[in-house]
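User: I have not seen this one before. Can you walk me through the packing inside it?
Analyst: Yes, go ahead and ask.

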Amino acid sequence: MKVNLPIPATKGVIAIRWTARSLAAVGIIIWGFASVSRLCAAGIPDATRPISVVAFYGQIAPGTGGARIASLSQGMLNNVGQIGFSSDLTGGSAAKGAFLYSHGQISPIALQGQAAPGGSPGLTFRAFSAPFVNDSGDAVFVAFVSDSGPTVYAVYLFSGNQLTKVADSTMSAPGAPGRNFYLFRSPQINNRGDIVFEADLDSSPPLNGLWMVSGGVLKPVVLGTDMIPGTGQTFGSILDSFSLNNLGDVAFADYTGNGPNGIFLYSQGSITPAVVGSPAVPNSSLVLNLKENPCVNDRREIVFVNNYFVSGPARSSAPNALVLWKSGNLQKIAMMGDPVPQFGNAVIGNDLGDVRINNNGVISFRIRVYPSSGETPEAIFTVENGKWNFIVSEGDTLTDIGRFDFLGEVILNDRGVMTFVSNMTGGSFGLFTVGALPYRYFLPQVANGTSDSGSWRTTSILANHSTSPATASVSYWSDDGTPLSLTIQGQTSSQFTYTIPPEGSLRVQTDGAGSQKTGWALVQSDQALSGIALYAFFDSGGNFVDEAGAPFSLDFGSMSIFAENQGNTYTGLALANPNSTGATVTLTLKDSQSAVVATTQFNLAANGHVAKYLTEFFTGANIPASFQGTVDIMSTQPLSGLTLRQHNSDFTSLPIIP
């Protein structure tokens with residue numbers, strides 16, 4: 001028997017069991033909070049954001065016998081606040097290490113002198129690149145390993161506290177018969193576990209390319225000898241100018257090929273030119289030349305740096321613009337000589353870089369600002385829907401830490417949180433985060449009240465991981481986007497404010513009274529939190545029947561869910577639109593072979609909510625009686641989602657796949 005969800009689209013409300021199988025903590029866990037004061041008076045931020053220390057010069061690195069940090073790589077930030085970085089060390093038992101910052105703590109992934117798995121006896125780690133971390137906490141990095149013989153270069157995966165070799169320089173390279181890997185660069189891993197890395201091959205002639213590990217199979221993405229689609233010419237040097245998204249797409253730049261320099265997109269086994277040659281960018285004086293450093297999001301939007309050729313005896317180039325490629329169209333984001341918002345009469349110089357785009361379409365970048373007089377600071381900005389937001393600049397000071405003397409290696413996640421490295425005046429340096437305020441979390445489903453079968457109550461449990469009190473507000477919204485009034489602890493409102501003690505927790509529960517209401521909730525806090533929602537069902541006599549749990553979620557512009565519909569097994573989906581603008585949502589149902597079965601599109605109101613079974617979303621679709629596959633969700637606004645899998649009278653909550 002199909003048991004209906006507590007949502008408007010259904011007639012019944014009883015669910016016997018709905019257990020959370022995955023209760024991953026959500027939130028950015030930061031420490032060393034300090035305030036920023038501004039020496040550059042023309043640069044005024046849109047909002048004060050907390051800047052926090054992740055790692056700092058002279059800090060003791062855990063697990064190293066007292067070794068202290070002597071250098072820092074960039075910080076590879078994921079969407080749950082974990083950061084991978086590498087460091088040179090001084091003193092202690094290791095001279096170099098790869099580390100993971102998580103929940104305010106630093107722990108070693110691999111250390112110099114440690115035995116390297118997957119190789120000959122006596123092989124040990126010597127040096128590391130910055131580990132790239134996905135949202136599950138899995139990390140990939142390049143390591144130099146050696147024993148008494150030649151140095152071996154290798155790519156390693158850190159997952160479940162275990163290290164596994166992915167590839168090394170003793171292996172033959174798929175797609176290049178008779179050639180071995182030689183040197184690896186910049187491995188990346190996405191949320192479904194695909195790994196992509198760039199590698200040079202040994203022997204002559206020189207050859208490099210990109211390789212992917214997907215489903216345990218190592219295969220080439222592109223080689224320098226491959227043909228550029230539609231040109232009859234070959235690629236040249238790919239280097240490490242590439243980006244991997246969560247769909248398995250790879251955007252990459254070809255630097256010195258025999259054909260036109262360009263940005264290309266690898267998707268589902270095929271390569272498509274995105275931007276090639278020297279096109280003019282609409283509504284600007286910009287003509288593209290040498291294009292590099294692409295970053296692709298899950299919407300397949302690509303941002304990249306354009307370079308112009310500098311005149312002189314030696315042919316060289318310098319960056320002059322940041323450009324967005326979206327749905328085949330080009331858009332200038334920033335260009336040398338443009339005025340800089342919030343910096344008065346200042347203009348952009350020829351130092352632009354670290355361009356990133358997240359899955360919500362927010363772009364971050366670093367530029368050199370040239371005022372009419374005085375300092376010429378480096379500054380970090382974001383752009384969202386054409387609006388510039390100033391984040392931090394050289395010359396700003398961090399209380400009790402020092403003055404930023406250099407900014408670089410900017411990474412942006414989907415929550416708007418960033419990492420960057422900085423040299424400080426006085427010779428120190430550090431790795432920092434800039435947090436988005438406030439911290440935002442979502443409950444994509446809320447149910448309360450009585451129906452024919454009984455009553456529902458929703459309980460929210462919030463945990464404060466910081467050492468400071470957290471002020472948190474919880475706002476409830478109905479399906480049509482209007483405030484949802486509920487009674488909690490004797491008070492009736494659509495918004496409640498709480499104080500959570502340092503490292504403490506809070507439990508709040510709706511009263512279950514009145515007619516059944518459904519919707520979603522927004523949690524905002526000045527400190528990083530984690531949380532879970534519990535949905536309890538009581539029969540008509542007020543007796544407890546069962547409850548189910550689901551972790552708080554984030555919002556994404558694109559996501560996927562597992563789908564199953566066979567026998568007494570059904571899949572439900574709840575979506576919330578936590579934006580002041582309505583969203584157009586497209587659902588694509590695919591079978592286990594990725595063939596499209598059905599599509600549907602609908603509008604979700606600002607602050608609106610919807611929850612249905614898949615058969616209700618895909619009304620009239622010819623879904624097989626025994627079906628397994630996925631649903632891809634694309635939205636014009638970031639949404640929060642939750643999957644419910646029902647088997648007979650049992651429910652399981654499943655997180656969405658970003």
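User: Phenylalanine 56 and phenylalanine 432: buried or exposed?
Analyst: Both phenylalanine 56 and phenylalanine 432 are buried. Keep in mind that this is a predicted model.

User: How are their rings arranged?
Analyst: The ring centres of phenylalanine 56 and phenylalanine 432 are 6.3 Å apart and the planes are at 75°, so this pair counts as edge-to-face.

User: Where in the chain do the two sit?
Analyst: Phenylalanine 56 is in strand 3 (residues 51–56) and phenylalanine 432 is in strand 33 (residues 429–434). They are 376 residues apart, so to speak of distant parts of the chain being linked by this pair is fair.

User: Which residues form the aromatic cluster with them?
Analyst: Phe404 and Phe420 join Phe56 and Phe432 in one aromatic cluster.

User: And how many aromatic pairs are there?
Analyst: The count comes to 33.

User: Does a charge come into this anywhere? I mean, what lies over the face of phenylalanine 538?
Analyst: Arginine 457 does, at 4.4 Å from the ring centre.

User: New topic. How many residues are in the largest nonpolar core?
Analyst: It has 54 residues. Among those with the most contacts inside it are Tyr476, Leu575 and Phe618.

User: Which strand gives the most to it?
Analyst: Strand 49 (residues 627–647), with six residues.

User: What does phenylalanine 618 touch?
Analyst: Leaving aside neighbours within four places in sequence, phenylalanine 618 is in contact with residues including Leu587, Ala598, Ile623 and Val631.

User: What about a second core?
Analyst: A separate core of 44 residues includes Ala130, Trp211, Val213 and Ile411.

Definitions and conventions. Residues are numbered from 1 along each chain as its sequence is written. This is a predicted model: local features need pLDDT of at least 70, side-chain atom pairs count only at pLDDT 80 or more; totals for chains, interfaces and linings use all residues. Side-chain values use heavy atoms; hydrogens and water are left out. A nonpolar core is a set of buried Ala, Val, Leu, Ile, Met, Phe, Trp, Tyr and Cys residues joined through side-chain atoms within 4.5 Å. Buried means under 20% relative accessible area, exposed over 50%, partly exposed in between (1.4 Å probe, protein chains only). Helices (H or I, at least four residues) and strands (E, at least two) are DSSP runs, numbered from the N terminus. Contact means heavy atoms within 4.5 Å. Rings of Phe, Tyr and Trp (its six-membered ring) pair if their centres lie within 6.5 Å; planes under 30 degrees apart count as stacked, over 60 as edge-to-face and the rest as tilted. A charge sits over a ring if NZ of Lys or CZ of Arg is within 6 Å of the ring centre and within 35 degrees of the ring normal.
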